[in-house]
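Here is a short set of exercises to work through with the model open beside you. Try each task before you read its solution.

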Amino acid sequence: MNVNAYGAHAGDKPLEPIQIDRRAPGAHDVQIDIAYCGVCHSDIHQVRAEWAGTLFPCVPGHEIVGRVSAVGAHVTSHKVGDLVGVGCLVDSCKHCEECDAGLENYCDNATGTYNFPTPDAPGHTLGGYSQQIVVHERFALRIRHPEEQLAAVAPLLCAGITTYSPLRHWNAGPGKKIGIVGIGGLGHMGVKLARAMGAHVVAFTTSESKRDDAKALGADEVVVSRNPEEMAAHAKSFDLIVNTVAAPHDLNAFLTLLKRDGTLTLVGAPASPHPSPEVFNLIFKRRSIAGSMIGGIPETQEMLDFCAEHGIVADIELIRADEINDAYERMLKSDVKYRFVIDNATLAA
Ligand code: NAP
Ligand code: ZN
């Protein structure tokens, strides 16, 4: 079936309206009419070919929410009319060690929501800046928030799980001091989630203008990371720092804030590497640098349910699909509070 979408034909071209084909739902598929799609910084990296291997036409979008409009004959987990979400994955091998553990995000043959090989036209997956998507039922998540919050739920499908997963893995909770670096789409969710888990939360921002906001989001303390004195006041005190920054920068400034056995977890994925950190900053306090990629399907459901229970959604700015190129420019200037979400109804002809 042909549906309307927004995509780009080359890395140096703006996004524009295009038509794409969606397969008819197979026996285990659900077809979703997309209501809203969040705009992740990964969309920019990919569609502008900043990361290797972008396939064109490229239709980004992996923070998808909507309503099930058809199901295959063997689908048991969803029915027509259900509110569901789709994040960064639409399929995986479903039988490797990672899939068996519910860590489909680490499956070597996982299929990303866009830019991954698929038998469907045009040969690679196309994302949520579109009217409809068809996915294997395992990759559609149940949404328990009230329907009025649906647009603000969309960013949970990537920004939410990408911060929730490392916070859980490294045991954020009462008695832990947690830093969140970069108060953008991911970072503002990280602050809300770490706070809801009961940790002491410190937000690190380069934007003086976000100081008050970060407190309102739930940070106990806010540090403007360009200010060396403010940074030094937190030396050797953190259990975990989750770094969401989308550009290369000096990691030493954050490593020295970790206490013994503390971890700096990188989730930001800049197109070029960070300068190599000073080894002595690791050796002296047995500190670690780690990475984390989104989360598995069971943990994504757990995160959505946790957010529904705690009344957590993203802070969003709703845009029309034809405002996407301007939205990208604003994100590059850190000028968004705190996630753009496309109203997919504006894709209708
Ligand atoms: P975003 O909304 O643009 O936020 C990034 C924030 O980083 C900015 O708001 C800004 O916050 C800070 N920042 C930007 N440039 C900076 C610089 N030069 N130096 C220091 N701080 C800077 O982006 P996002 O959607 O949250 O995504 C962030 C990164 O995570 C991207 O690289 C994205 O591809 C990656 N990502 C990774 C995963 C994963 O699974 N690991 C999943 C999704 C996204 P302040 O104004 O507060 O400084
Ligand atoms: Zn994302």
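Before we start, a term for the first exercise: helices are DSSP runs of H or I with at least four residues, numbered from the N terminus. Keep in mind as well that this is a predicted model.

**Exercise 1. The shell around the ligand**

Find how many residues surround ligand 1, and work out which helix gives the largest share of the shell.

Solution.
- Step 1. Collect the residues with a heavy atom within 4 Å of the ligand. For ligand 1 this gives 28 residues, and the closest are T205, T206, S207, K210 and R339.
- Step 2. Sort the shell by class: 14 of its residues are polar, 12 are nonpolar and two are charged.
- Step 3. Look for helices that supply at least two residues; α1 (41-47) and α5 (185-196) each do so. The largest share, three residues, comes from α1.

**Exercise 2. Polar contacts and cover**

List polar partners for oxygen atoms of ligand 1, then state how much of the ligand's area the protein covers.

Solution.
- Step 1. Apply the cut-off of 3.5 Å between N or O atoms.
- Step 2. Start with a side chain: an N or O atom in that of T205 is 2.6 Å from an oxygen atom of ligand 1.
- Step 3. Turn to the backbone. A polar backbone atom of L186 is 2.8 Å from a ligand oxygen, and for a polar backbone atom of A269 the distance to a ligand oxygen is 3.0 Å.
- Step 4. Now the cover: on its own, ligand 1 has 930 Å² of accessible area, of which the protein covers 88%.

**Exercise 3. Two helices that cross**

Describe how helices α4 and α10 are arranged, and name the residues that make their contact.

Solution.
- Step 1. Two packed helices are described by the angle and the distance between their axes.
- Step 2. The axes of α4 (residues 159-169) and α10 (residues 297-310) come within 10 Å, crossing at roughly 100 degrees. Therefore α4 is roughly perpendicular to α10.
- Step 3. On the α4 side the contact involves G160, I161, Y164, S165 and R168, while α10 brings E299, T300, E302, M303 and F306.
- Step 4. By class, these residues divide into four nonpolar, three polar and three charged.

**Exercise 4. Backbone geometry to check**

Locate the cis peptide bonds F56–P57 and K337–Y338, and the positive phi of R286.

Solution.
- Step 1. Recall the background: most peptide bonds are trans, and most residues other than glycine have a negative phi.
- Step 2. Between F56 and P57 the bond is cis, with omega about 0 degrees; P57 sits in the loop between α1 and β4.
- Step 3. K337 and Y338 are also joined by a cis bond, with omega about -15 degrees. Y338 belongs to the loop between α11 (324-332) and β17 (339-343).
- Step 4. R286 is not a glycine, yet its phi is positive, about 50 degrees. You will find R286 in the loop linking α9 (280-283) and β15 (288-291).

Note on methods. Residues numbered from 1 in each chain as written. Chains lettered and ligands numbered in written order. Predicted model: local features only at pLDDT ≥ 70, side-chain atom pairs only at ≥ 80, totals over all residues. Heavy atoms only, no water. Polar contact = N/O pair within 3.5 Å; in protein donor to acceptor, adjacent residues only side chain to side chain. Areas by Shrake-Rupley, 256 points an atom, 1.4 Å probe, with all protein chains shown as cover. Nonpolar A, V, L, I, M, F, W, Y, C, P; charged D, E, K, R; others polar. Axes fitted to C-alpha atoms, helices over the stretch in contact; angles between N-to-C directions. Parallel < 35°, antiparallel > 145°, perpendicular 65-115°, else oblique. Contact = heavy atoms within 4.5 Å.
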